[in-house]
Amino acid sequence: AYGASGQSRAVATQPPCGSGLTGSRDAMLRINILTRGFETPNGRAFLFPLMVHRRALAAAGIDIHLVRSPGDDGTTDCDLLFVESRVFSPRWAAEGDAKVLVDIAAMAERVPIIWFDISDSTGWLQAQVLPLVQLYCKSQLLADRTEYTRTHYGNRIWADFYHHHEDINDSTPAEARIVEDSTLLDRLRVSWNSGLADYSLHGPTRMALRARIPSNALLNFPRRFTSPDKNRSIDFTCRMGTTYPRNTVAHQRRRVAGLLKDRMATDKLGRRAFLNEMRNTRMVVSPFGFGEITLKDFEATLCGAALLKPDMSHLETWPDLFRAGETIVTHKWDLSDFLDRINEAPDRARELQAIATRAQDIYREALCGPGAAAGFVDHVRAIVDDALKARTTA
């Protein structure tokens with residue numbers, strides 16, 4: 001679970017953000033982004049790199065514009081329309097699928113749509129929109145796409161695991177969501193996860209302010225990375241909430257809290273104290289929450305601590321900070337080896353440091369390394385090109 005320690009690549013302590021990309025503005029693509037803006041953490045993480053790398057995208061021929069309502073004039077006056085899934089969230093239950101799908105279909109008749117599902121987990125796919133869009137992008141996807149054609153209890157693959165293996169039930173089971181037409185799986189793409197944002201001490205506050213103050217000057221990738229080789233006096237920590245409306249979601253965290261109850265407190269701390277504790281910790285325990293990836297994963301990496309996560313081999317995400325034995329330590333979903341990983345931590349300090357260093361190197365490069373902007377632009381461009389290709393071959 002720890003993997004072999006090894007030499008990590010050297011990186012600059014304070015690399016410059018941005019890549020200084022230059023390029024022709026010929027054949028500029030106009031892309032409108034239908035979004036609720038910076039209202040929610042997931043919405044902020046979706047928009048953050050698009051705003052920070054806006055000039056680099058323009059230099060590569062991608063001109064982006066935010067649109068706040070489907071009824072706004074000019075919403076579909078573009079070459080491609082990015083739709084953030086939360087735009088329609090209040091309407092699905094209130095109006096029913098049929099009415100909402102009619103409106104989405106009307107937009108799709110005027111302009112090709114790329115749907116961006118910004119929900120937390122690999123599950124809860126909004127399969128009903130798949131036939132209407134060119135591509136369906138999600139922050140993290142199941143590596144085995146055919147799993148989306150199968151029913152999972154609670155619409156999460158690990159909720160299904162706990163339901164079937166440990167008899168955990170939800171008081172109101174979720175209605176199953178599956179992709180009935182397997183040919184539509186080809187429309188699935190990995191977008192970018194919540195890591196491409198600012199999780200420094202004041203980062204969440206600045207991102208929230210962006211919802212009220214329309215200035216991208218509030219958005220900057222964090223510059224402070226605590227070195228993993230810093231002296232650390234705490235072998236492991238685990239700070240988390242355990243209250244969720246679904247038992248299958250809460251179960252893993254409740255079991256972890258039970259296993260650690262005689263070892264350490266697991267209740268939440270204030271933000272400053274939380275970050276300070278992680279800067280003094282070798283390994284941070286980070287169970288699944290509503291999704292497999294949590295903001296704590298990125299905060300811990302900024303703080304130079306290694307992550308202990310449940311096995312993540314079932315998913316794909318970008319950027320990928322979740323490589324077992326290389327950038328994270330893992331345990332089994334049934335927690336049968338969880339205490340082994342905890343008990344090994346004091347004797348594996350050097351190995352944990354190497355793992356934390358590799359994770360931080362990758363994360364720093366994705367945020368503000370010399371190639372960060374170019375890497376993000378390439379990722380977006382690949383999605384755009386695939387959508388345009390699908391449009392021409394339809």
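Helix H5 is followed by Asp167, a residue whose phi is positive, near 55°. This is a predicted model, and the helix that ends just before Asp167 is a convenient place to start reading it.

H5 covers residues 157-166 and is mostly covered, with seven of its 10 residues buried. The buried residues are Ile157, Trp158, Ala159, Asp160, Phe161, Tyr162 and His163. They pack against two elements, strand E6 (140-142) and helix H7 (247-260).

Further along the chain, a loop runs between strand E7 (188-190) and helix H6 (203-209), and Ser200 is found in this loop. Ser200 has a relative accessible area of 18%; buried means under 20%, so Ser200 counts as buried. Apart from neighbours within four places in sequence, the residues in contact with Ser200 are Arg206, Pro222, Arg271, Leu275 and Leu302.

The protein as a whole contains 12 helices and 12 strands. Of its 394 residues, 54% count as buried. Its radius of gyration is 21 Å, which agrees with the value near 21 Å that a compact globule of 394 residues would have. Along the principal axes, the C-alpha atoms fill a box of roughly 60 × 50 × 35 Å. Taking contacts between residues at least 6 apart in sequence, 74% join residues at least 24 apart.

The outside of the protein can be described by area and by charge. About 16,900 Å² is exposed, and carbon and sulfur atoms supply 48% of this area. The side chains include 50 positive and 48 negative ones, and the centres of these two sets lie 7 Å apart.

Definitions and conventions:
Residues are numbered from 1 along each chain as its sequence is written. This is a predicted model: local features need pLDDT of at least 70, side-chain atom pairs count only at pLDDT 80 or more; totals for chains, interfaces and linings use all residues. Side-chain values use heavy atoms; hydrogens and water are left out. Buried means under 20% relative accessible area, exposed over 50%, partly exposed in between (1.4 Å probe, protein chains only). Helices (H or I, at least four residues) and strands (E, at least two) are DSSP runs, numbered from the N terminus. Contact means heavy atoms within 4.5 Å. The radius of gyration is taken over C-alpha atoms; the globule rule is 2.2 Å times the number of residues to the power 0.38. Accessible areas come from the Shrake-Rupley method with a 1.4 Å probe; for residues, only the protein chains shown count as cover. Lys and Arg count as positive and Asp and Glu as negative; His and the chain ends are not counted. The place of a charge is taken as NZ of Lys, CZ of Arg, CG of Asp or CD of Glu.
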